[in-house]
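Please open the model in your viewer and keep the sequence panel beside it. The tour below moves from the whole chain to single side chains, with a selection to make at each stop.

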Amino acid sequence: MLMSIPVEPKKRGRPATGRDPLVGFRAPPDLLAQLEAYGEREGLKRSEAIRRLVEEALRAKRA
């Protein structure tokens with residue numbers, strides 16, 4: 001009797017990127033507009049603008 005070849009099932013979903021975890025939040029339209037304006041002034045995308053503002057706020061809190 002012939003034996004079948006074992007097959008590993010495929011993994012589902014997108015592979016891990018190895019980067020920082022995603023954190024989402026809800027923001028009213030006026031706050032998003034302010035974030036966009038800040039990002040445009042600084043030459044940043046929205047996500048980088050949010051990261052920088054959060055880092056600045058945390059540094060200010062320590063001082």
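How many helices and how many strands make up the secondary structure of the chain? Colour the chain by secondary structure, and the count comes to two helices and zero strands, where helices (H or I, at least four residues) and strands (E, at least two) are DSSP runs numbered from the N terminus.

Before going further, please note that this is a predicted model, in which local features need pLDDT of at least 70 and side-chain atom pairs count only at pLDDT 80 or more, while totals for chains, interfaces and linings use all residues. Residues are numbered from 1 along each chain as its sequence is written, and side-chain values use heavy atoms, with hydrogens and water left out.

**The whole chain**

Zoom out until the full C-alpha trace is in view; along its principal axes it spans about 75 × 30 × 20 Å. The radius of gyration of the chain, taken over C-alpha atoms, is 22 Å, whereas a compact globule of 63 residues would have one near 11 Å, by the rule of 2.2 Å times the number of residues to the power 0.38. Now switch on the surface: the chain exposes about 6,800 Å², of which carbon and sulfur atoms supply 57%, with accessible areas taken from the Shrake-Rupley method with a 1.4 Å probe. Of the 63 residues, 8% count as buried, a class that means under 20% relative accessible area, with exposed over 50% and partly exposed in between (1.4 Å probe, protein chains only).

**From one helix to the other**

Select glutamate 36 and arginine 46 and show their side chains, which meet in a salt bridge at 2.7 Å, N to O. The pair links distant parts of the chain, since glutamate 36 lies in helix H1 (residues 29-42) and arginine 46 in helix H2 (residues 46-62), ten residues apart. A salt bridge here is a side-chain nitrogen of Lys or Arg within 4 Å of a carboxyl oxygen of Asp or Glu, and by this rule the count comes to three. Glutamate 36 counts as partly exposed because its relative accessibility is 30%, and arginine 46 is placed in that class at 41%.

Next, select lysine 45, in the loop between H1 and H2. Lysine 45 counts as exposed because its relative accessible area is 68%.

**A network in helix H2**

Which residues are linked in a network of salt bridges? Select Glu48, Arg51 and Arg52, which form that network. The side chains of arginine 51 and glutamate 48 meet at 2.9 Å, N to O, and these two residues of helix H2 are three residues apart, about one turn of the helix. Glutamate 48 also meets arginine 52 in a salt bridge, at 3.3 Å, N to O; because they are four residues apart in helix H2, about one helical turn separates them. Relative accessibility is 44% for arginine 51, which is therefore partly exposed, while glutamate 48 is partly exposed at 25% and arginine 52 is partly exposed at 34%.

**The largest pocket**

Keep arginine 51 selected and add Pro21, Leu22, Val23 and Ser47; among the 13 residues that line the largest pocket, these five lie nearest its centre. A pocket is an open set of points on a 1 Å grid over the protein atoms alone, where a 1.4 Å probe fits, with protein on both sides within 12 Å along at least five of seven lines, and lining residues have an atom within 4 Å of a point. Its volume is about 530 Å³, meaning the space filled by probe spheres set on the points, which are joined across faces, edges and corners. The lining has six nonpolar, three polar and four charged residues, where Ala, Val, Leu, Ile, Met, Phe, Trp, Tyr, Cys and Pro count as nonpolar, Asp, Glu, Lys and Arg as charged, and the others, Gly among them, as polar.
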